[in-house]
Amino acid sequence: MKLRSSEPFWLVKNGLLNSYPSLQENAECDVLIIGSGITGALVANRCAKDGYSTIVADRRETATGSTSATTAMLQYEIDLMLCDLIPKIGEEGAVASYRACSEAIDKVGHLHAEINSEAGFRKKDSLYFASRRRHLKHLREEYEARAAHGFPVEWLDAEEISERYGLQNSFGGILSHQGASIDGFRFAHDLLSAAVERGLRIFDKTEFQNISHNEDAITAISTEGFEIKAKKIIYCTGFETVEILKENFVDLLSTYAIVGEQQSENCDGLKDTLFWNTGDPYEYFRTTDDGRILIGGLDDDFSNAKRRDAKLEKKALRLEKYIHKNLPDYQFRTDFAWAGTFGSTKDGLPYIGEHKDFPNGYFVLGFGGNGITFSVAGADMVSDYLRGKEHPLSQWFKFGR
């Protein structure tokens, strides 16, 4: 019987990269960031670069929440197609949101180089293909909407897709010349390490029993009785923010992923492209920088961890069958399988900005399939907010929109 890991691939691949102490004394800072995942790391790196005295605190080990389970396909495409988002929020907001995500991919590349990260950032194309013939008409409308607004796309028919990639059971698709992949777990650690050199302090395994939002300051008291005083607080807590905000602003879903054994010699035709289809829920796959194929999807509309994990074995088998069916020439064998929880919003957009019930606080919640690119935009937005400036995306990413 073949044994395989049910831990996220990135945790096993990277091991324990960095370890930080828990909070064991009172502290003060300009900015307190709750959450040490990729979002918290991006925001912390920016705050430290901007010269703020910054603390990051997390109730887990650093970056071992959702970031350890991310599949880190960096796309500018939002979960809602551009042609569907335009009538929902208007052309200006829809196009601006797509452009912000596109620009974020290049910003990740610049950051990766700037901090000499070993997270394997690689620019790629992205193929969004029709998994059913009946999806073609709508996908064509999406292609025309993106082309009309200057996004670098071309249309491929089923035969072209098969010839280029060996991908079967597609009926045509949009090839975007803007995408990337990265090891999100490693990147989060590398960003935090770079920020530590600028004075960032990190406390993991630190949970707060009470956070007081006052007009002039924030006071956070840990479960062990230690206190952090801050001028501002930024919540980078992802889907767990539902524990803080009781309003209905996000749907929590369960998702599944598998990674195959190394077969570098068979990845040549796939390594420069991200793949995802028009299914609902959709499946997606990409290669890793060490010559494996990663496949994810088959999302369920519930977030119960016990129920989710009980379905992992069956979901892994379905994902494996999917890749065998669609890439019949590739000899795939599953090495890792894991499940996770993520948030989905009504318009596919994040929630970034202030909340009326949390004075001197900001939220950076990059929900959806491209949470990392939203978080890059979120770091820019926070930088503006802390300087008393508005940001052009605020009106579309705000609470109560």
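A salt bridge here is a side-chain nitrogen of Lys or Arg within 4 Å of a carboxyl oxygen of Asp or Glu. The views below come from a predicted model, which holds 30 such salt bridges.

**View 1. Aspartate 30 and lysine 231 meet in a salt bridge.**
The N to O distance between the two side chains is 3.3 Å. Aspartate 30 belongs to strand E1 (residues 27-34) and lysine 231 to strand E10, so the contact ties together parts 201 residues apart in sequence. Lysine 231 is exposed, with a relative accessible area of 52%.

**View 2. Aspartate 335 pairs with arginine 292.**
The closest N and O atoms of this salt bridge are 2.9 Å apart. Distant parts of the chain are linked, 43 residues apart. Aspartate 335 sits in strand E15 (residues 334-344). Arginine 292 sits in the loop between strand E13 (283-287) and strand E14 (293-300). Both aspartate 335 and arginine 292 are buried.

**View 3. Arginine 308 and aspartate 309 form a salt bridge.**
Their closest N and O atoms are 2.9 Å apart. Arginine 308 is buried, at 11% relative accessible area. Aspartate 309 has 41% relative accessibility, so it counts as partly exposed.

**View 4. Five residues share a network of salt bridges.**
The arginines are Arg59 and Arg60. The glutamates are Glu207, Glu240 and Glu243.

**View 5. Strand E9 pairs with E8 and with E10.**
Four of the five residues of E9 (residues 218-222) are buried, so the strand is largely enclosed by the rest of the structure. Strand E8 (residues 208-213) runs antiparallel to E9, joined to it by five bridges. Within this pairing, isoleucine 211 stands opposite alanine 220 of E9. A hairpin of four connecting residues leads from E8 to E9. Strand E10 (residues 227-235) is also antiparallel to E9, with four bridges between them. Here isoleucine 218 has alanine 230 of E10 as its bridge partner. The E9 and E10 hairpin likewise has four residues between its strands. In that turn, glycine 225 has a positive phi of about 90°.

**View 6. The second largest pocket has a lining of 16 residues.**
Its volume is about 330 Å³. Nearest the pocket centre lie Ser131, Arg132, Asn277, Glu283 and Tyr322. Helix H9 (residues 312-326) supplies the largest share of the lining, four residues. By class, the lining holds three nonpolar, seven polar and six charged residues.

Note on methods. Residues numbered from 1 in each chain as written. Predicted model: local features only at pLDDT ≥ 70, side-chain atom pairs only at ≥ 80, totals over all residues. Heavy atoms only, no water. 1 Å grid on protein atoms, 1.4 Å probe; cavity = no way out; pocket = protein on both sides within 12 Å on 5 of 7 lines; lining within 4 Å. Points joined across faces, edges and corners; volume = space filled by probe spheres on them. Helix = DSSP H or I, 4+ residues; strand = E, 2+ residues; numbered from the N terminus. Nonpolar A, V, L, I, M, F, W, Y, C, P; charged D, E, K, R; others polar. Buried < 20%, exposed > 50% of the residue type's maximum accessible area, 1.4 Å probe, protein only. Pairing = 2+ DSSP bridges.
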